[in-house]
Amino acid sequence: MTSERRDVLHSWCVQAEWDAPTVTGGTGAFFHDENGRRYLDMSSLAECTTLGHQHPAVVRAIRDQAEKLCFVTAAWGAEPRARLAEQLLEKSGFTGGRVFFTLGGADANEHAVKFARQARRKPRGWVVGRDRSYHGASYATMAFSRDARTQHLIDAAEWRAAHVPSPYAYRCPFGSASEEECAERAARSVGEAIDARGADEVAAVLMEPNAGTNGIVPPDRYWTLLREETRRRGVLLIADEVMSAFGRCGEWFAWQRHGEAGRPDIMTLAKGLTGAHVPLGAVVLSRKVAAHLEGEMLPTGLTYCGHPLACAAGVAALRAYEDEGLIERSRILGARMLAMLREVQERVPAIGDVRGGHGLFAVVELVKDRTTREPVAAWPQVHPALRAFVERGREAGVSFAVQGNLVILAPPLVIGEADLTDALGLMERLLMELSWS
Ligand SMILES: Cc1ncc(COP(=O)(O)O)c(C=O)c1O
C-alpha cells in the first residue's frame, strides 16, 4: 500500500505531524477525499483554485491541447502561448508590452527582478520590499520577501534586497492614528528607503497590491502613493499579483482598482492564471520595460517556460472568467462577505479586525482582547485553538485556511451564496466555542 505520510516530503509543516486526507476529486467550490467526504473549499486551497475544482472548460482545453501538442521549447512558437500573451496584454492594458511565462509565482518574481535590473542596466540594483511580505520560497524570493518562517535562512542584503515597514493599519508600525496616515507614512518610507541607497542604485520596488498570505490589506490610498514615490525616482514598480489577480480582489488585476494612477511597470501572475489546473506563472512587462530588453540577449529560460498545456489552460481560464462574469461576481459577493463578517465581528469577541472584501478575499484577525489588540498568538505562531478550528471545520465539511492569528477567507469565485453564508455561520460557531486565552 502506498503511504503519502511515509514517503512524501511536505511543504510548510513538521513531517511527523503531517496528517491530511487524500483528495481524489472535486467540482465547483467542493472537493472530496478518498473516503467520499466532501469539503467546501473556503480558501481555494492555496488561494489558487479560483475557478473552482475541475472546471470543465479548462479540463477540456488541456485534453484537446494534449492531443495536438504537449511540448515545444521556447525556441519555437506555440499557438496557445501567443494567444495567452495577447490576452494578458489586452486585459491589463499593457499595450505594446511583452509576457514571459514561468512555472509559478516564485520564478515569476525572480524573473521580474531580473528583467527590471536588466532594463535599468543595474545588474546588482537593489530591490525594496516590505516586512511580512511573501513572494516565494526560492532563495532569491526568500530574500525579496520578509517572511518570519524563512528570513533566518538568507542574508537579504547579499541579494541586494531591503525592506520597509508594512501599511498594516490595524497595527500601524508608524503608530498612525488613521488608515490614511498609515498609508502616507508607509508609502513615504519606500521613497526614503530608495533615497537612502540612491535612486541610481535601486532597480525596483516589489510589492503585493492587495491580498497576500500575510493578511495585510493596505489602506486604499497606499498603492497610488507608492506609485508616485517610485515614478518620481525612476524606479520600476513590480506588482506581485500572484494571489490578488483574476478576480480575487474584484478586478482582473488588483492594481486596476486604482485606475491608471496605479499602473505598475511589471506585474507577476500565477495561481488563478490557470485556476491552478496546471502550473503556470507569468511576468507582464510594460511597453517601456520591454523596449529596454529588445536589443539584448535575454540571459534566462527554464525548460518548461510557456508550456503549451499550461498556456492552453490559461486561455480557457481567461475565457471562463469572462464568460461567467466571475470578476464582477467576486466583487459583489466579496462586498456581501465583508458585510456578513462585520456582523459576525459584533458577536464574536475574539475577532479584532476584519478587512479586505474588494473581491472574495477577506481576513479575520483574532485577538485576546479587543482593546489591547493583543494577538491570540505571536506572529507567525498558530494558537492551538486555531488549529482546532481548522480540524473541526474539516469534520463539519468545510476547509478553512489559517495563517498566524488570521483566518484567510478566499473561496473559489464560483461558490454558491448559500454555501458561503453557511460557512461563515460555521466559522462564527466554532470561534465562539473555542477558548482563546
Ligand atoms: C503574493 C505571492 N507571491 C508569490 C507566491 C509564490 O508563488 P508559488 O508558490 O507559485 O511559487 C505566492 C504564493 O502563495 C504569493 O501569495
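This passage looks at how the two domains of a predicted model meet, and then at one helix, α7.

The chain splits into two domains. Domain 1 is assembled from two stretches, 4–54 and 325–433, while domain 2 runs over 58–323. Taken over C-alpha atoms, the centres of domain 1 and domain 2 sit 25 Å apart. Where the domains touch, domain 1 puts in 28 residues and domain 2 puts in 27 residues. On the domain 1 side, the elements giving two or more residues are the helix α11 (326–347) and the strands β11 (351–356), β12 (362–369) and β16 (406–409). Of these, α11 supplies the largest share, with five residues. As for chemistry, the domain 1 side that touches domain 2 breaks down into 13 nonpolar, nine polar and six charged residues.

Now for helix α7, which covers residues 179–197. A quick sanity check on its geometry works out: with 19 residues at 1.5 Å a residue, α7 should span 27 Å, and its end C-alpha atoms are 28 Å apart, so the two values agree. Buried positions in α7 are Cys182, Ala183, Ala186, Ala187, Ser189, Val190, Gly191 and Ile194. The spacing of such positions can be read against helix geometry: an α-helix has 3.6 residues a turn, so residues three or four places apart point the same way. In α7, Ala183, Ala186, Val190 and Ile194 are among the buried residues. The cover over the buried residues of α7 includes the strands β5 (126–130), β6 (161–164) and β7 (202–207), along with the helix α8 (222–233). Just past the end of α7, Gly198 adopts a positive phi of about 95°.

Notes
Residues are numbered from 1 along each chain as its sequence is written. This is a predicted model: local features need pLDDT of at least 70, side-chain atom pairs count only at pLDDT 80 or more; totals for chains, interfaces and linings use all residues. Domain bounds come from an automatic or database domain assignment. Two residues are in contact if their C-beta atoms, placed from the backbone, lie within 7 Å. Helices (H or I, at least four residues) and strands (E, at least two) are DSSP runs, numbered from the N terminus. Ala, Val, Leu, Ile, Met, Phe, Trp, Tyr, Cys and Pro count as nonpolar, Asp, Glu, Lys and Arg as charged, and the others, Gly among them, as polar. The expected span of a helix is 1.5 Å times one less than its number of residues. A residue is buried if 20 or more other C-beta atoms lie within 10 Å of its own, exposed if 12 or fewer, and partly exposed in between; C-beta atoms are placed from the backbone.
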